[in-house]
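Work through the following exercises on cysteine pairing and surface charge with the model open beside you. Each task is followed by a solution that goes step by step.

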Amino acid sequence: MAPDRVRLGRTSVFYYTVFLFFIGFLVSLTGGNCDHKIFRESAGDLKSPDYPDPYPSLSKCSWLIKAPLGYKIKLQFFDFVLEEGYDCGNDNVKIYEGKNSSATLIGKYCGNKNPFKVETPTSYMYITFKSDRSLNYRGFRASFVMEASSPIKSMSFKRMLKDTTFTAVGQQVKFTCQVKNGSLNIVISWRKDGKNLIGNKSNFTMIRNNIIKKRSTLLLTRVSEYDAGEYSCTAKDADMEKTISSSGSLLVKEAANIKEGPPAMNVSAGDTVVMKCQAYGDPIPNIYWKVNGEDKTAMSIQKNFTSQLQFKADKNALVNCTASNHFGTDWKANNIAVTARKILTGTFVTIDDSTISEPSWSSPVITKVPANLTAELGADVTLKCAAEGNPKPKIRWLTEGKYYEDLPEDENGVSLFTLTVTKDRTAIQCEAQNIYNIDSKKAYITAAKVEAVVEAAGSSGVSGRLTIILVMAFVVLAVLFILCGILVMYRRHNLKKKNLPTPVDLENLQNNPIYEQHTNYYVNPQLLSWQVSRNGMEFIKELGHGNGNFSSLFLASVNDTKVENDQERKGPLFMVKLLKEKYSLEDDRKNFEKDAIALTTFSHPFVQSLYGVCVDSPPLCLVFEFSEHDECLQQFLVESGRGHCSIHRRTDLQNAKPKLSNIDQISIAKQIANGMEYLADKGYVHRELCTKNCIMGKGMVVKISNLGFSWKGPNSDYFSLGSTERAGYPVRWLPPETLQYGVFEEDTDIWSFGVVLWEIYSSGLTPYYGMNDDEVISLVNGGDILPCPKECPKEMYEIMQGCWKLAPTARPRFNLIHLQISSLFNGVPV
């Protein structure tokens with residue numbers, strides 16, 4: 001029987017409708033708006049609001065999954081229960097292949113479904129979920145993963161740290177490391193001087209990471225001198241179990257700053273004015289002068305951080321001093337008030353321009369030389385030293401590697417240096433220096449030998465008899481010596497008469513130019529572990545001169561007997577630098593030891609390493625590492641020459657190497673600049689830098705060679721040498737001040753480096769080819785420089801021109817040169 005139908009009146013229908021509306025309103029208040037969420041992680045979870053409880057009505061949710069390029073996204077639903085409806089119009093989940101709902105729709109899902117997967121081939125997936133006001137179910141739970149579309153390549157650096165970064169105090173520095181390929185599970189960390197850096201560790205250090213781009217940035221917002229050091233970034237791929245690192249040094253320099261500017265002055269017309277300007281900065285700033293807007297730098301003299309300008313004042317002037325280096329510029333100015341000169345006439349005196357002598361520049365000259373003294377150990381001795389010059393030179397004393405300045409003077413201005421005798425022989429040097437030059441004189445203090453005198457009371461007669469006995473013994477020994485000499489001469493005369501051949505001692509035949517000699521030479525303890533046996537060396541061939549005519553270079557192999565199990569083996573090749581005995585003086589041994597000890601501390605990839613020394617007997621030798629792949633850089637440039645230079649130079653060249661690319665030439669220049677920067681920081685002056693004194697090794701690694709024996713020459717100007725010494729003088733690589741005055745400083749090597757750059761871009765051609773040395777000297781002293789080589793980049797020739805500036809202090813330092821060439825190598829405009 002069919003159930004009875006319930007009839008409702010109009011009033012009941014009205015109340016029922018209101019009730020449903022009220023219930024719907026209450027339900028609408030529980031809507032689950034879960035907003036928009038973005039996933040960048042390689043894996044994650046999604047679920048409906050309140051899961052596993054029923055989701056609220058009127059829920060609106062969206063999720064965007066962003067994967068790196070080359071990755072696809074896989075979405076796995078583990079539980080899916082939504083309201084069923086026609087065309088999923090009630091509650092549904094929509095998945096798009098893109099960034100938003102305007103992208104291609106992959107699918108629209110509702111109802112009760114078994115676990116299923118959805119995959120997008122692109123790097124974006126957009127997901128939405130909505131519910132209406134009616135039935136609510138437990139919803140869904142899903143997870144996603146990002147997978148590479150193709151096999152993952154091994155991680156490598158896309159951006160890495162530079163070898164060296166220069167900055168100034170107060171500047172901002174940003175280091176960036178970025179990797180390419182690898183998995184998505186990559187973590188990049190930072191270290192300074194071996195210690196971990198943590199993001200926001202201080203107010204001035206921040207680390208910013210971008211997981212999607214696999215990039216990390218270390219930001220130093222305000223650099224101080226304490227930030228200098230070795231920085232490294234390490235990228236770790238946890239999925240592929242690989243770790244890579246990149247490191248670089250941060251050198252914090254100081255912008256140029258004027259410490260003492262030109263003072264205000266009141267002078268008379270025609271007076272000679274001397275202005276002083278003192279600056280500081282790192283590197284040493286160049287100081288420029290302007291008087292009433294006109295450049296007067298050429299009239300000034302700069303020494304280190306101080307510059308002086310001398311000129312005649314004929315009118316009021318504004319004097320400007322500007323200090324500038326690569327990291328900043330500073331300036332100060334002041335006025336010079338010039339009044340008309342007064343001529344005083346009277347009975348006895350007239351003062352005009354003719355009565356005033358103008359000061360003139362002069363180098364310091366030591367007028368009172370410290371004397372050599374002899375004193376007992378423990379005694380105090382005083383040395384005196386005085387000097388003249390304009391400006392007045394400052395006197396300092398040097399002994400045992402330590403300087404003593406601002407010492408007391410007597411009433412005549414003579415510097416007094418007092419010390420206690422503690423050694424058998426002590427060297428003391430007096431130095432007088434002004435901004436123009438330096439003079440030095442050396443003295444020695446020798447400890448007196450104290451001899452014991454034994455006297456027996458009342459024994460004057462015994463002393464006399466002892467003297468007679470000693471005299472008689474001496475006479476007998478002299479007679480025996482004369483008789484032995486006569487006997488030897490007699491036997492030689494008989495052998496000659498019988499025409500007998502002179503006997504040969506086979507043990508003294510010398511195939512080795514550095515044969516072993518048995519002497520009682522003292523070996524410095526610091527060199528004992530560096531000693532190389534001469535008898536273990538096998539001469540191969542001559543390599544040419546070392547320093548002028550004083551030394552020679554040759555190739556040798558060493559039988560290394562310092563191996564285990566007493567099995568002798570042939571060692572690698574070595575370059576041996578030998579000081580010729582005929583040029584060896586008494587002081588050379590001490591100079592050699594000092595030079596060799598310094599070389600034992602050198603360790604740089606672009607500087608030839610010292611292997612050992614031969615110091616137990618003459619000839620003195622330095623033994624440097626060498627390999628079968630090494631060759632002279634100059635010869636390498638010729639054989640791989642670019643352009644027409646090497647063709648004209650070597651028409652019979654066999655087995656020529658491939659031409660060097662521009663990046664190869666910059667790489668060679670960069671390596672030499674790096675090595676010279678290291679030597680300059682060590683205070684070492686090469687004196688003969690050229691491509692012949694560089695070696696090219698395996699993998700086109702260049703090393704600076706021919707180190708040592710610098711004290712033997714050249715140590716003077718060209719014109720004071722004899723014809724034989726001039727032949728070995730490297731005229732074509734030296735600046736004017738060296739040729740004229742014999743000055744060898746870092747500025748000398750910088751000029752030579754400019755010529756080395758010219759050689760690199762001229763295929764090893766000899767500088768100033770077609771000219772003799774006298775013509776070259778005349779050309780250099782006249783201010784002419786080498787022309788720009790064919791195919792040489794403009795930026796590189798500008799670096800050469802900087803190295804060839806006539807004023808030594810105007811030439812860039814090696815750290816700046818290395819920075820400029822590194823920028824060219826990395827494609828950054830200089």
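**Exercise 1.** Determine the handedness of the link between C385 and C430, and place both cysteines in the chain.

*Solution.* The link of C385 and C430 is left-handed, with -80° about the S-S bond. The pair connects distant parts of the chain, since C385 belongs to strand β30 (residues 380-390) and C430 to strand β34 (residues 425-433), 45 residues apart; strands here are DSSP runs of E with at least two residues, numbered from the N terminus. The sulfur atoms of C385 and C430 are 2.0 Å apart and form a disulfide, a term that covers a pair of cysteine sulfur atoms within 2.5 Å. Both cysteines, C385 and C430, are buried, where buried means under 20% relative accessible area, exposed over 50%, and partly exposed in between, with a 1.4 Å probe and protein chains only.

This is a predicted model, in which local features need pLDDT of at least 70 and side-chain atom pairs count only at pLDDT 80 or more, while totals for chains, interfaces and linings use all residues. Residues are numbered from 1 along each chain as its sequence is written, and side-chain values use heavy atoms, with hydrogens and water left out.

**Exercise 2.** How many disulfides does the structure hold, and which parts of the chain does the pair C88 and C110 tie together?

*Solution.* The structure holds four disulfides. One of them joins C88 to C110, with an S to S distance of 2.0 Å. Because C88 sits in the loop between β4 (71-81) and β5 (92-97) and C110 in the loop between β6 (104-109) and β7 (112-113), the pair ties together parts that are 22 residues apart in sequence. C88 counts as buried at 12% relative accessibility, and C110 is buried at 4%.

**Exercise 3.** Is C177 buried or exposed, and which cysteine is its disulfide partner?

*Solution.* The partner of C177 is C233, at an S to S distance of 1.8 Å. As C177 lies in strand β13 and C233 in strand β18 (residues 229-237), the pair ties together parts that are 56 residues apart in sequence. C177 counts as buried at 0% relative accessibility, and C233 counts as buried at 0% as well. The link of C177 and C233 is left-handed, with -70° about the S-S bond.

**Exercise 4.** Decide how far R159 is exposed, and name the strand that holds this residue.

*Solution.* R159 lies in strand β11. At 43% relative accessibility, R159 counts as partly exposed.

How values were computed: Helices (H or I, at least four residues) and strands (E, at least two) are DSSP runs, numbered from the N terminus.
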